[in-house]
Amino acid sequence: MKTLIAAYSGVLRGERRAKADPSQRSHGGPSLSREGSGRWGTGSSILSALQDLFSVTWINRSKVEKQLQVISVLQWVLSFLVMGVACSAILMYIFCTDCWLIAVLYFTWLVFDWNTPKKGGRRSQWVRNWAVWRYFRDYFPIQLVKTHNLPTTRNYIFGYHPHGIMGLGAFCNFSTEATEVSKKFPGIRPYLATLAGNFRMPVLREYLMSGGICPVNRDTIDYLLSKNGSGNAIIIVVGGAAESLSSMPGKNAVTLRNRKGFVKLALRHGADLVPIYSFGENEVYKQVIFEEGSWGRWVQKKFQKYIGFAPCIFHGRGLFSSDTWGLVPYSKPITTVVGEPITIPKLEHPTQQDIDLYHTMYMEALVKLFDKHKTKFGLPESEVLEVN
């Protein structure tokens, strides 16, 4: 703006000088030439000033957009890590103050509402469409790729691979509308399944349910696949905590060979299995990997066994600079490819042979999906998906 004002001031000064000097008003070729030259110079000055102004405005807007993207990702990471514990502590503190009635009312509500997460929760389209999730998507960016249509007359179990550190692609694609999952799969209701312990945390449980997140336990899955009509898709991060321990940039490996419980559930309900591979999920954080037999891996496995999650020592970038360490993930592209559904028959009491058959089919479909799309997203043709 200062540049524009300066240019315009220069034009006015030029006009005043022309009026003050009679020779500038004489008729003739040279004077007309000078006048024409002045006019074109004035236009160039204003045009140059406008270009400078718009250039500065664009740069500032770009910086603001980037900071909003960073903040949107950081708020979700902090919610994932500390929101449950923080809200529990705040409610206990309120219970010891003059506002204790607020805490009592909430805990009373919690008792009556305890089983709601097991019945699919209370998803909110308003929350799923928050603008913050679009900034979240654009930070990496995250993309959802559809390869086949999904009939709404069926129910589905989506197997999401790999887990990564936090399953950022799974959250963005299926618990928000940032990548337009409802438009790409019309009539399909996605439910991202996560640790049941998260739904024992006050306030956090409400936040999770608003996005369509549910507990990953048998009661919830049985309800959604048998008493909630058709068109339900339960997204299970099959590798779980064990897979997160091996998450590192440049590694494409899944923990699947001995994970067969989701196949058994699919057979009991006749829900089709859909393999999903998320390219780039392992690239957004760097992790300290403890060797098998080390004290660090022993602690992680004990946590995994008794608490349900494995504590990872990881880092991303800082809030204000990508050259420092922090909790903000690195801005690496994540592309989630939804594969072809595997038709599953309904068997009330599936045998181990039935489970093994469809589990093998699922593993082959996942490897095929990976091989078909790997070169499109920056991996060499020689890259092999490691199935553990």
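This passage describes the overall make-up, the aromatic ring pairs and the internal cavity of a predicted model.

The protein comprises 388 residues, of which 41% are buried. Its secondary structure consists of 13 helices and twelve strands. Contacts between residues at least 6 apart in sequence were examined for their span along the chain, and 78% of them join residues at least 24 apart. The surface exposed by the protein amounts to about 20800 Å². Carbon and sulfur atoms account for 61% of that exposed area.

Aromatic side chains were considered next. A pair of aromatic rings is described by the distance of the centres and the angle of the planes. Over the whole structure, the search returned 20 aromatic pairs. One of these is formed by Phe136 and Phe140, with 5.7 Å from centre to centre and 55 degrees between the planes. The Phe136–Phe140 pair is classed as tilted, because an angle of 55 degrees falls between the limits of 30 degrees for stacked and 60 for edge-to-face. Both partners are buried: Phe136 has a relative accessible area of 0%, and Phe140 has one of 2%. Each value lies under the 20% limit that defines a buried residue.

A second pair joins Tyr277 and Phe279, whose ring centres are 4.9 Å apart. Here the planes make an angle of 65 degrees, so the arrangement counts as edge-to-face, the class for angles over 60 degrees. Tyr277 is buried, at 0% relative accessible area, and Phe279 is also buried, at 5%.

Ring pairs also connect into a cluster, whose members are Trp76, Phe80, Trp126, Trp130, Trp133, Phe136, Tyr139, Phe140 and Phe171. The two residues of the tilted pair, Phe136 and Phe140, therefore both belong to a cluster linked by ring pairs, in which rings pair if their centres lie within 6.5 Å.

The interior was then searched for enclosed space. Rolling a probe the size of a water molecule over the atoms shows where empty space is left. With a threshold of 30 Å³ or more, the search of the whole structure gave one cavity. The volume of the largest cavity is about 30 Å³. Its lining is made up of Phe158, Phe174, Val181, Phe185, Ile188 and Pro190. Classified by residue type, this lining contains six nonpolar residues, with no polar and no charged residues. Phe, Val, Ile and Pro all count as nonpolar, which accounts for the absence of other classes in the lining.

Definitions and conventions. Residues numbered from 1 in each chain as written. Predicted model: local features only at pLDDT ≥ 70, side-chain atom pairs only at ≥ 80, totals over all residues. Heavy atoms only, no water. 1 Å grid on protein atoms, 1.4 Å probe; cavity = no way out; pocket = protein on both sides within 12 Å on 5 of 7 lines; lining within 4 Å. Points joined across faces, edges and corners; volume = space filled by probe spheres on them. Helix = DSSP H or I, 4+ residues; strand = E, 2+ residues; numbered from the N terminus. Buried < 20%, exposed > 50% of the residue type's maximum accessible area, 1.4 Å probe, protein only. Contact = heavy atoms within 4.5 Å. Areas by Shrake-Rupley, 256 points an atom, 1.4 Å probe, with all protein chains shown as cover. Phe/Tyr/Trp six-rings, centres within 6.5 Å; stacked < 30°, edge-to-face > 60°.
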